[in-house]
Amino acid sequence: MRYLLFLMFFYLANTNNVCEINFDSVGLSDFDLNMSCHELKEIFPELKKEPNSKLDDKISTYSFVTNQKILNENRKVKYYFAFKENKLQAYVFNVYAGKDIKYYKDFVKEARKNNAFISERGTSFLENKNGCEKFLRIKSDPDEIIIFGGISQIGSYW
């Protein structure tokens with residue numbers, strides 16, 4: 001009987017698919033996947049509707065631009081959200097980080113504390129496990145570095 005209870009516990013513990021990231025320590029907002037669009041609009045009334053996904057017309061996309069204290073410095077942050085059947089399935093953030101690569105390294109160092117998918121080495125981090133994709137990477141354009149990260153239950157492209 002104990003063996004059966006142990007197996008049931010082990011099965012439930014390993015099938016509970018927790019798909020979340022935690023960037024609160026660097027100053028970013030974290031969102032619960034499966035929250036409704038209405039709930040998100042209560043947090044961000046300025047949420048802007050974007051065109052639906054070109055890959056899946058059942059995916060509605062929204063965006064929000066804000067200034068936040070990221071690592072104790074004011075930074076422009078743009079969030080993108082993907083909803084399917086009125087449930088948040090993915091979101092991405094872009095932190096406009098200036099030109100100093102050290103800022104990105106400091107961001108990674110702090111974010112690593114609460115995100116096991118961010119390893120000690122590298123500049124690009126990805127974990128795709130149990131239908132949950134978590135990522136953090138850097139993009140650069142001529143004017144500045146953009147820290148790009150997020151989480152998805154619907155794949156990378158939406």
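**Strand pairing and nonpolar core**

Strand 6 and strand 7 pair in the antiparallel sense, with eight bridges between them. The structure is a predicted model. A hairpin of four residues connects strand 6 to strand 7. Within this pair, Leu136 lies opposite Gly149 in strand 7.

Strand 6 also pairs with strand 5 (residues 125-129); the two run antiparallel and are joined by five bridges. Glu127 is placed opposite Lys134 in strand 6. Strand 5 and strand 6 likewise form a hairpin, here with two residues between the strands. In this turn, Asn130 has a positive phi of about 55°.

The largest nonpolar core comprises 36 residues. In soluble globular proteins, nonpolar side chains tend to be buried together. Phe23, Leu28, Phe81, Phe93, Phe107 and Leu136 are the residues with the most contacts inside this core. Two or more core residues are given by each of helix 2 (37-43), strand 2 (59-70), strand 3 (73-84), strand 4 (87-96), helix 3 (101-112), strand 6 (132-140) and strand 7 (145-152). Helix 3 provides the largest share, five residues.

The surroundings of Phe23 were examined in turn. With residues up to four places away in sequence not counted, Phe23 touches Leu28, Phe93, Phe107 and Leu136, each of which is listed with Phe23 among the residues with the most contacts inside the core. Phe23 also touches Ala111, Phe117 and Ile118, as well as Asp30 and Asn115. Leu136, which touches Phe23, is the residue that stands opposite Gly149 in the pairing of strand 6 with strand 7.

Key:
Residues are numbered from 1 along each chain as its sequence is written. This is a predicted model: local features need pLDDT of at least 70, side-chain atom pairs count only at pLDDT 80 or more; totals for chains, interfaces and linings use all residues. Side-chain values use heavy atoms; hydrogens and water are left out. A nonpolar core is a set of buried Ala, Val, Leu, Ile, Met, Phe, Trp, Tyr and Cys residues joined through side-chain atoms within 4.5 Å. Buried means under 20% relative accessible area, exposed over 50%, partly exposed in between (1.4 Å probe, protein chains only). Contact means heavy atoms within 4.5 Å. Two strands pair if DSSP finds at least two bridges between them.
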